[in-house]
Amino acid sequence: MSKVGAAILVLSAVAYLWTPSYKTPLFGLTPGAILGGLAVYLTLLQVLARSKLTFIPEFRRLLAVSIGLLTWAALVYSFSGAYPAAFRRILQIILGISVSWSVYTFVRSSKRIKIFIFVLLAAGSVSALVGIGQFYVGGPFIDLWATLVRPPEGRLSLARVLVPGLAPMSILLGYQLATLLPLAVALLFSRSMFISRILKGLVVLVSITMVFALVLSGSRSAIGSAFFGVAFVVLLLRRRGSRWGPRLVISLTFCILLYVLVGVFYQSARFLLLVEDISVAVRPSLALTALRYAFFHPFGTGVYRPSKEEYVILGPDPRVEAVVGALTPHNQFFNVLVYYGFPGLVMLVVFYWLLFRTLRKCWLATVQNHDAYKWMVGGLIGAFLAYLVNSMFHNAGPFVGDWFHWFFIGLAFSVHRLVLSSSPSSYDCSLLGL
């Protein structure tokens with residue numbers, strides 16, 4: 001059952017990347033959601049068969065916070081009367097949390113973790129190749145995307161300008177590639193990679209393909225965050241020691257330079273002349289309006305509909321007011337704040353604090369024991385940093401619509417358990433259920 005569950009999880013992740021919006025006749029569910037639900041069902045069967053449910057303490061705490069935020073969100077939606085529209089959001093969060101548990105349960109060994117990462121990178125590179133085809137060829141690649149995604153008519157005209165790959169839109173392609181790219185670069189530092197030059201060359205080719213498609217997607221925050229995540233991974237894996245501060249500063253500087261370089265050679269008006277872009281000019285007003293809205297509704301409203309009295313308009317551009325009233329805050333933390341109030345925001349901050357504290361603890365253990373798992377830990381740290389930075393400028397997050405991110409969250413704790421089991425002198429292996 002364990003092998004079957006791991007295989008279904010892999011297929012679920014691939015289905016999400018390739019058919020994220022394709023609705024099947026089964027209650028309109030996507031293939032990825034159906035396969036993810038099947039993997040969760042197999043996880044429940046395995047737990048019932050063993051009559052034992054074991055988690056390392058770090059994952060148990062993160063699950064407790066996640067379930068707490070899920071429960072609070074359900075209460076907010078109930079009192080705000082936002083159902084049945086909110087039913088989809090609640091199901092997405094439940095599916096995401098459950099998928100992370102399934103990954104933690106079935107993707108246990110080093111071999112399975114590597115296979116899982118390889119398949120994610122391969123699936124992401126296919127989507128990237130489709131995006132490149134959309135830009136340079138158009139027709140068949142855009143038709144393929146339209147068949148799988150079934151986008152609104154107005155979005156078809158953008159597919160060759162801001163390429164979406166196989167994602168519903170270019171922004172989500174940026175989310176995916178920004179998360180996958182640091183993992184691909186980290187793989188180059190794996191000890192086994194030095195044995196196979198062919199495999200190393202393939203990883204380099206995949207990384208270049210992802211960078212190329214990421215630039216063509218036009219998602220500025222995704223490009224910057226991916227460069228930041230990659231730079232941090234390189235600095236983390238090339239140098240010894242555990243200090244993160246200087247590496248964060250150097251990585252940030254390097255990603256800014258790379259971003260400027262992209263702007264110099266490709267669409268300088270979009271990447272460098274930011275002040276003239278309404279999508280950039282409106283961001284401060286969106287953030288301040290969200291804060292003001294939250295103070296009027298401190299426990300959340302489930303939906304975000306600010307009144308004109310709650311608008312905070314900055315700058316002379318007359319377009320800003322109209323955009324502020326039409327858009328959500330474009331920041332996953334502000335989104336959680338307006339949807340679920342200050343209690344939800346606090347739980348989200350605790351959620352990420354637990355996640356990054358676990359990753360740091362995992363990294364220290366690999367450095368101390370010179371583990372072969374350093375590339376896994378370093379790649380996941382870079383992936384989560386890139387995702388977090390990108391989500392500061394867009395709406396998606398693990399509690400606001402992006403259940404795919406839970407695959408990586410489950411993978412992080414699978415790697416953490418693997419690292420703990422390889423250093424029994426430092427940790428109590430009885431906590432691992434081994």
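Author: A residue is called buried if its relative accessible area is under 20%, and exposed if that area is over 50%. The structure above is a predicted model.

Reader: Is Tyr16 buried or exposed?

Author: Tyr16 has a relative accessible area of 13%, so it is buried. Trp403 is likewise buried, because its value is 6%.

Reader: How should one describe a pair of aromatic rings?

Author: Such a pair is described by the distance of the centres and the angle of the planes. In this model there are 23 aromatic pairs. For Tyr16 and Trp403, the ring centres are 5.3 Å apart and the planes stand at 80°, so this pair is edge-to-face. The pair joins distant parts of the chain, 387 residues apart: Tyr16 belongs to helix α1, and Trp403 to the loop between α17 and α18.

Reader: Why is the pair of Phe404 and Phe407 tilted?

Author: The planes of Phe404 and Phe407 lie at 55°, with the centres 5.5 Å apart, so the pair counts as tilted. Phe404 is buried, at 5% relative accessibility, and Phe407 is buried at 0%.

Reader: Which residues do the ring pairs link into a cluster?

Author: The cluster consists of Tyr16, Phe116, Trp403, Phe404, Phe407 and Phe408.

Reader: Where is a nonpolar patch found, and which residues form it?

Author: The patch is on the surface, and Phe118, Ile198, Leu199, Leu202 and Leu205 form it, with about 470 Å² of accessible area together. Helix α9 contributes the most, with four residues. Ile198 lies in this helix and counts as exposed, because its relative accessibility is 68%.

Notes: Residues numbered from 1 in each chain as written. Predicted model: local features only at pLDDT ≥ 70, side-chain atom pairs only at ≥ 80, totals over all residues. Heavy atoms only, no water. Patch = residues over 30% accessible without salt bridge, like charges linked within 9 Å, V, L, I, M, F, W, Y side chains within 5 Å. Areas by Shrake-Rupley, 256 points an atom, 1.4 Å probe, with all protein chains shown as cover. Salt bridge = Lys/Arg side-chain N within 4 Å of Asp/Glu carboxyl O. Helix = DSSP H or I, 4+ residues; strand = E, 2+ residues; numbered from the N terminus. Buried < 20%, exposed > 50% of the residue type's maximum accessible area, 1.4 Å probe, protein only. Phe/Tyr/Trp six-rings, centres within 6.5 Å; stacked < 30°, edge-to-face > 60°.
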